[in-house]
Amino acid sequence: MTDTILTNIRLLDPASGLDGAGSLLLRGGTIAEVLQGGPAGIPEGATVVDGGGACLAPGLIDLRAAVGEPGAEHRETIASAALAAAAGGITTLCALPDSEPALDDPALLQFVLRRGEATGSLSILPYGAATRGCAGKEMTEFGLLREAGAVAFTDGNHAIGDARTMRIALSYARAFGSFIVQHPAVPSLSRGAAATEGELATRLGLPSVPAASEAMQVARDIALARLTGGHVHFAHLSTAAALELVREAKAEGLRVTCDTAPPYFDLNETAIGDYRTYAKLEPPLRPESDREAVVAALADGTIDAIASDHQPRDADDKRLPFAQAEAGGAGLATLLAVTLARVHAGDLPLLRALELLTAAPAKLLGLEAGRLAAGAPADLVLFDLERAWKVEAGKLPGKAQNSPFDGRALEGRVLGTWKAGRRVFG
């Protein structure tokens, strides 16, 4: 494999705090050398890539996405998800297990791992189902799933509603050096809901869920983490009340972490407009005060990572009355740009925004990726921080086009993506 040297770039490495002009030498799928300033010399036979002054960061690590396979290939396939991921600068993706069939068997996890490897552009790290069929009742074989490659355990978009089951799951996960990812919503309150309870839902006549449902689930599971010593991770937090509970749990020293997704810091409930089904998500969009609380939690360290929360849906899923339409939004191609919108707005420093997409999820998962350092995987994203573009459903890479950001003007465009030293986009 020939060497590749990327020159005339702005090196951005949240793991070390590096932000400066330089070059990067790639060799054999890894980073051979990080050179601040101009390169000392070009190795003979090396491929030279002139970055034109653009930003180079570690490839994004997406902590939470559905990939369609197995069971929903009409919505997305692993191959089409890989195309969208590469266009979005994502080089590692954690796949949710609530597929059909659920990833509750070692052979199914191995299938997803192999399919990810076959793309050549994306490492797919599957979650193991915490319960059989993600039904919240019978526990799966954590040990066997962990050996098969499960990065952690979750029932995906199904909350583990039974307290005893959650207690056992946290204890099992701790024994295997792992953690539980919880969908934070009380099932009996959120079942059938289409929007957040309040004036807007009432005016639109939509079935709704109180925002307190999220905080209630978070409070219970923090108590169980305290009881078991286990590690609970809350997915896509979207309310001020839940975030304050996490903030307090961290101050207490409990093993509690969380993530959020771009819709919850870029949009509020008004985005559903006149029954705009692309903006029907789970959890549902919240009032502006909650959006502002999510932004504050990103800045102060309460939130540990930003995930795409990619949920592919086809046209028939969304072309229904709002209450009957499927919840979920496509998020792979827009993950970086929507996060950078918070940088352009002055809410987040650039390195902090990138940390939430790279070094922080890598640390949570115990990965070597997510940093620009000699010996680290050559998984990279090159992007123009200022280049403007517009999200247009129907023109996004990959199969899924159900973007809640359809029509949104953004600044920050991916110019190139490298996986294990090989350019896979741009």
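This report describes a predicted model of a protein chain, moving from its overall form to its strands and then to single residues.

## The chain as a whole

The protein chain of this predicted model has 426 residues, and for that number a compact globule would have a radius of gyration near 22 Å; the chain has 21 Å, which agrees with that expectation. Along its principal axes, the C-alpha trace spans about 65 × 45 × 45 Å. The secondary structure of the protein chain consists of 14 helices and 19 strands.

Buried residues make up 59% of the 426 residues, while the surface that the protein chain exposes comes to about 15800 Å², with carbon and sulfur atoms supplying 50% of it. When contacts between residues at least 6 apart in sequence are considered, 73% of them join residues that are at least 24 apart.

## A sheet of three parallel strands

One open sheet is built from three strands in the order β6-β7-β8, and the pairing within it is parallel. Its edge strands are β6, which covers residues 60-65, and β8, which covers residues 123-126, and each of these pairs on one side only. On average, neighbouring strands of this sheet are turned by 20 degrees against each other, with direction ignored.

The pairing of β6 with β7, the strand of residues 90-95, is in the parallel sense and runs over four bridges. Within this part of the model, alanine 65 stands opposite alanine 95 in β7. As a general point for reading any such sheet, the side chains in a regular strand alternate between the two faces of the sheet.

## Antiparallel pairs around β17

Strand β17, made of residues 380-390, pairs in the antiparallel sense with strand β5, residues 55-58, over four bridges. In this pairing, proline 58 has leucine 380 of β17 as its bridge partner.

Strand β17 also pairs with β18, which is formed by residues 409-419, again in the antiparallel sense and over eight bridges. Here alanine 388 has glutamate 411, in β18, as its bridge partner.

## Two buried glutamates in one loop

Where does glutamate 76 lie? Its place is in the loop between β6 and α1, the helix of residues 78-87. Glutamate 76 has a relative accessibility of 1%, and therefore it counts as buried. The residues that glutamate 76 touches, apart from those up to four places away in sequence, include Val67, Gly68, Glu69, His310, Pro312 and Lys399. Although glutamate 76 and proline 312 are 236 residues apart along the chain, their C-alpha atoms are separated by 6.2 Å. The side chain of glutamate 76 also makes a polar contact of 2.7 Å with the side chain of histidine 310.

Glutamate 69 is likewise found in the loop between β6 and α1, and because its relative accessibility is 7%, it counts as buried. Leaving aside residues up to four places away in sequence, glutamate 69 touches Glu76, Thr77, Ile78, Ala79, Phe111, Val112 and Arg115. With arginine 115 there is a polar contact as well, since the side chains of glutamate 69 and arginine 115 are joined by one of 3.2 Å.

## Backbone features that deserve a second look

Most residues other than glycine have a negative phi, and most peptide bonds are trans. Against that background, the peptide bond that joins glutamate 100 and proline 101 is cis, with omega about 5 degrees, and proline 101 is found in the loop between β7 and α2, the helix of residues 106-119. A cis peptide bond also leads from glutamate 282 to proline 283, with omega near 5 degrees; proline 283 lies in the loop between α9 (263-266) and α10 (288-300).

Histidine 236 has a phi near 35 degrees, which is a positive value in a residue other than glycine. Its place is in the loop between β14 (232-234) and α8 (240-252), and with a relative accessible area of 0%, histidine 236 is buried. Tyrosine 275 has a positive phi too, near 60 degrees, and this residue is found in the loop between α9 and α10. Is tyrosine 275 buried, partly exposed or exposed? Its relative accessible area is 39%, so tyrosine 275 is partly exposed, as this class lies between the limits of 20% and 50%.

Conventions
Residues numbered from 1 in each chain as written. Predicted model: local features only at pLDDT ≥ 70, side-chain atom pairs only at ≥ 80, totals over all residues. Heavy atoms only, no water. Pairing = 2+ DSSP bridges. Axes fitted to C-alpha atoms, helices over the stretch in contact; angles between N-to-C directions. Rg over C-alpha atoms; globule rule 2.2 N^0.38 Å. Buried < 20%, exposed > 50% of the residue type's maximum accessible area, 1.4 Å probe, protein only. Contact = heavy atoms within 4.5 Å. Areas by Shrake-Rupley, 256 points an atom, 1.4 Å probe, with all protein chains shown as cover. Polar contact = N/O pair within 3.5 Å; in protein donor to acceptor, adjacent residues only side chain to side chain.
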